[in-house]
Amino acid sequence: MNENRVVALGELLIDFTENGISEQGNPILEANPGGAPCNVLAMLTKLGVSTAFIGKVGKDQFGKMLRQKIEAMGIDAQYLYEDEKIHTTLAFVHTYENGDRDFSFYRNPGADMMLAENEIPDSLIQTADIFHFGTLSMTHEGVRNATKRAVEVAKKAGCLISFDPNLRPPLWDSLEEAKEQTAYGLEHCDILKISDNEVQWFTGEEDYDEGIRMIQEKYKIPLIVLSMGKEGSRAYYEKSRVEEKPFLQERTIETTGAGDTFGACILNYVLEHGLEHLAKEQLSEMLIFANAAASIITTRKGALCVMPEKDEILSLIKEKRR
């Protein structure tokens with residue numbers, strides 16, 4: 001592990017994903033560890049980055065399993081708390097034939113929502129190079145206060161702040177509230193990873209470039225990366241805009257974790273090269289690597305436990321360049 005450190009805060013949960021049909025004709029569900037912030041850390045650990053997670057699970061079999069899984073991967077789980085009363089959050093993921101997904105959450109409440117402001121470890125965040133978060137830890141007041149406290153600590157310590165809205169409409173009382181909390185993230189981040197549909201939702205602009213321009217103008221975010229699924233990705237940095245094609249695979253089975261894998265590779269590039277004076281060629285190199293990694297994860301069930309190795313990513317890039 002190198003000395004770089006990324007600390008993420010948010011949800012760690014079980015994604016139940018479909019894995020075949022039983023003899024009785026019922027769907028068989030596989031309990032995959034998931035949760036966007038921890039998926040990001042899982043990919044970063046594969047790339048040799050030292051990582052730590054702040055969150056909460058239930059004191060139940062799933063909570064125990066999640067702790068074991070992330071510790072086995074090398075993610076520091078010292079600040080993964082256990083709630084005595086509230087169960088680990090569950091998500092049921094239905095994948096359509098075109099690869100799109102539908103989520104049903106069992107989280108009313110779920111343990112990830114119970115993280116409290118007084119459980120934020122200042123000293124851990126203060127030693128980080130990057131602090132990463134999303135909006136799922138901002139859906140309810142208690143965990144929202146904890147998240148904002150962590151962001152304040154990170155800002156004061158001079159950490160780079162990374163934000164991924166990761167919009168999940170069913171988890172919000174209203175989409176207006178979701179917009180408000182997304183705006184908070186945009187106000188405070190240095191690196192924004194956002195998806196095509198989130199740009200359209202937040203800005204009301206169909207055209208991605210126009211939507212990003214509005215975000216740039218208002219929030220002055222140094223680096224914005226836009227994931228566009230089968231259309232590839234774009235990076236917006238200072239006055240540069242770079243686009244790279246996706247690595248489409250016939251073996252794609254689901255897109256769970258693709259955006260998190262992509263985002264982690266962006267953060268790794270920033271750790272290696274910094275956030276200043278990035279040339280267009282560097283932005284291209286960054287996107288190509290991130291696109292390739294995201295492509296590999298779409299060929300696997302789940303995300304957190306099956307992140308690609310660096311060699312696999314480089315091999316795919318090499319293969320497609322032939």
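These questions and answers cover one strand and one pocket of a predicted model.

Student: How many residues of strand 10 are buried?
Tutor: Strand 10 spans residues 191-195 and is mostly covered. In a regular strand, side chains alternate between the two faces of the sheet. Here Ile191, Lys193 and Ser195 lie buried on one side, and Leu192 and Ile194 lie buried on the other. The count of buried residues is 5 of 5.

Student: Which residue in strand 10 is the bridge partner of Phe163?
Tutor: Strand 9 (residues 160-164) runs parallel to strand 10, and 2 bridges join them. In strand 10, the partner of Phe163 is Leu192.

Student: Is the crossover from strand 9 to strand 10 right-handed or left-handed?
Tutor: The chain leaves strand 9 and passes through helix 5 (residues 175-188). It then reaches strand 10, completing a β-α-β crossover that is right-handed.

Student: Which residue in strand 11 stands opposite Ile191?
Tutor: Strand 11 (residues 223-227) runs parallel to strand 10, with 5 bridges between them. Opposite Ile191 stands Leu223.

Student: Which helix gives the largest share of the lining of the second largest pocket?
Tutor: This pocket holds about 250 Å³ of space. Helix 8 (258-273), helix 9 (280-297) and helix 10 (310-321) each give two or more residues to its lining. The largest share is 5 residues, and it comes from helix 8.

Student: How many charged residues does the lining of the second largest pocket have?
Tutor: Lining residues include Glu272, Glu285, Lys310 and Arg321. By class, the lining has 6 nonpolar and 2 polar residues, and its charged residues number 4.

Key
Residues numbered from 1 in each chain as written. Predicted model: local features only at pLDDT ≥ 70, side-chain atom pairs only at ≥ 80, totals over all residues. Heavy atoms only, no water. Buried < 20%, exposed > 50% of the residue type's maximum accessible area, 1.4 Å probe, protein only. Helix = DSSP H or I, 4+ residues; strand = E, 2+ residues; numbered from the N terminus. Pairing = 2+ DSSP bridges. Right-handed = clockwise from strand over helix to strand, strands pointing away. 1 Å grid on protein atoms, 1.4 Å probe; cavity = no way out; pocket = protein on both sides within 12 Å on 5 of 7 lines; lining within 4 Å. Points joined across faces, edges and corners; volume = space filled by probe spheres on them. Nonpolar A, V, L, I, M, F, W, Y, C, P; charged D, E, K, R; others polar.
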